[in-house]
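Biologist: Please pick one part of this model and take me through it closely. I am new to this, so keep your sentences short and explain each term once.

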Amino acid sequence: MTRIDPRRLRKTLAAGADDAALAAEGLAARAADEGLVDVAYATLDTPLGTFTLAATERGLVRVALPGAPLGGVLERLAAEVSPRLLELPARLDPARRELDEYFAGSRRSFDLELDWRLTPAGFYRRVLRSASRRLHFGATASYGQVAAWAGSPRASRAAGTALARNPIPIVVPCHRVLRSSGEIGLYGGGPAMKEELLRLEGAIEE
Amino acid sequence: MATQQPFQAFLDEHRAPVLSFLRAMVGPVDADDVFQETFIAALRAYRRMDGRHPRAWVLTIARRKAIDHHRARARRPVPRDDVVELSDRTPAESGHGEEEREIWTAVAGLSAAQRAAIALRYAAELPYREIGTALGCSEEAARRRVHDGLRALRASFENRQEATR
């Protein structure tokens, strides 16, 4: 004999996590079709670990290095770009493919639209743009040199700050900027990751 | 304006209670469609959400979408009885026993208002104050509606058991 009690009601009415995941399938794609996704993101497994990539309508806006907790990365994007943010790997397919090729050693430059909005216009953005334009695969430069490219030869410290805050690492190659002494310098993903990238590009010896 | 959490996190956090609520409201088969309508509408309005009670907020949308769904169905050429349709579509095929079927049938037999209150409480796990928000009534009225719903469920059970005796 069945009796109605809250426990039994809960048990019967609660949808499982799997069912909810199924119900949500295709939602992001539909939202994108209706123009409701301001930021799309996806993850990418690489030899260095798992990256998070995010894009807006304008282009790639963020590359988060392995080790950056996903929750924090997404929260900052929600605050700084838009909270209408969904996992939508299809929008990141070109970036994922090019990064895959880069890590496999078969790509030396990126051909991706970039959204620069996370870097303030002015000196900081000029630093990143000139590093992108001039520092090709396998090349390196000093902070002072990059500062000079951006129009302020004596602002190497500020150039360092701009590079340290680079929201689109790897694609915008801040890892190719070294101390004038030749020391490797700092990197968001740690100096070891910077070294590994430079070795991958043949810029430093094995 | 407070910063909204990323919509993906919002969706992940509330999708199970919203689906549970909608299953109770429109039946398990149609629930998936109404679920997507709900979250698309939520995304559309997301930047205007006040953020204090996100679950109550999305369940308010879900309740409206469930009502729209019932209206749309009522306009179809061959209307079917709501109760029959809901109990027809309980997830019996997914290994649910006699007992679960009885509960689904009893829930389907509630008035729409009571079903919403019961579903918000026991499928979506909202506190009474937020049930009030989602139903557009006071906390006290929400409490009363849930209790009335429970009483109606028990009565429906007893009747059925009388009938089978």
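Modeller: The answer starts with one helix, moves to the meeting of the chains, and ends with the wider setting.

This is a predicted model: local features need pLDDT of at least 70, side-chain atom pairs need 80 or more, and totals for chains, interfaces and linings use all residues. Residues are numbered from 1 along each chain as its sequence is written, while chains are lettered from A and ligands numbered from 1 in the order in which they are written.

Take helix 2 of chain B, residues 28-45 (helices are DSSP runs of H or I with at least four residues, strands are runs of E with at least two, both numbered from the N terminus). Helix 2 of chain B has 18 residues, so at 1.5 Å a residue its span should be 26 Å. The expected span is 1.5 Å times one less than the number of residues. The end C-alpha atoms of helix 2 of chain B are 26 Å apart, which agrees.

Which residues of helix 2 of chain B are buried? They are B:Pro28, B:Ala31, B:Asp32, B:Val34, B:Phe35, B:Thr38, B:Phe39, B:Ala42 and B:Leu43. Buried means 20 or more other C-beta atoms within 10 Å of a residue's own, exposed means 12 or fewer, and partly exposed lies in between, with C-beta atoms placed from the backbone. An α-helix has 3.6 residues a turn, so residues three or four places apart point the same way.

What do these buried residues pack against? In chain B, they pack against helix 1 (7-26) and helix 3 (54-74). In chain A, their partners are helix 2 (17-23) and helix 3 (27-33).

Now look at the meeting of the chains. In total, 32 residues of chain A are in contact with 36 residues of chain B (contact means C-beta atoms, placed from the backbone, within 7 Å). On the chain A side, helix 1, helix 2, helix 3, helix 4 (70-80) and strand 4 (85-87) each supply at least two residues. Helix 1 of chain A gives the most, with six residues. By class, the chain A side has 21 nonpolar, two polar and nine charged residues (Ala, Val, Leu, Ile, Met, Phe, Trp, Tyr, Cys and Pro are nonpolar; Asp, Glu, Lys and Arg are charged; the others, Gly among them, are polar).

Helix 1 of chain A (residues 6-13) also packs on helix 5 of chain B (residues 98-108), at about 95° with axes 10 Å apart. Therefore these two helices are roughly perpendicular (65 to 115 degrees; under 35 is roughly parallel, over 145 roughly antiparallel, the rest oblique). Axes are lines fitted to C-alpha atoms over the stretch in contact, and angles run from 0 to 180 degrees between N-to-C directions. Here A:Arg8, A:Leu9 and A:Thr12 meet B:Glu100, B:Ile103 and B:Trp104. These contact residues divide into three nonpolar, one polar and two charged.

Step back to chain B as a whole. Chain B has eight helices and zero strands. Of its 165 residues, 44% count as buried. Among contacts in chain B with a separation of 6 or more, 68% join residues 24 or more positions apart.

One loop residue in chain B completes the tour. B:Glu125 is in the loop between helix 6 (112-123) and helix 7 (128-135) of chain B. Phi of B:Glu125 is near 60°, a positive value in a residue other than glycine. B:Glu125 has 16 other C-beta atoms within 10 Å, so B:Glu125 is partly exposed.

How values were computed
Contact = placed C-beta atoms within 7 Å.
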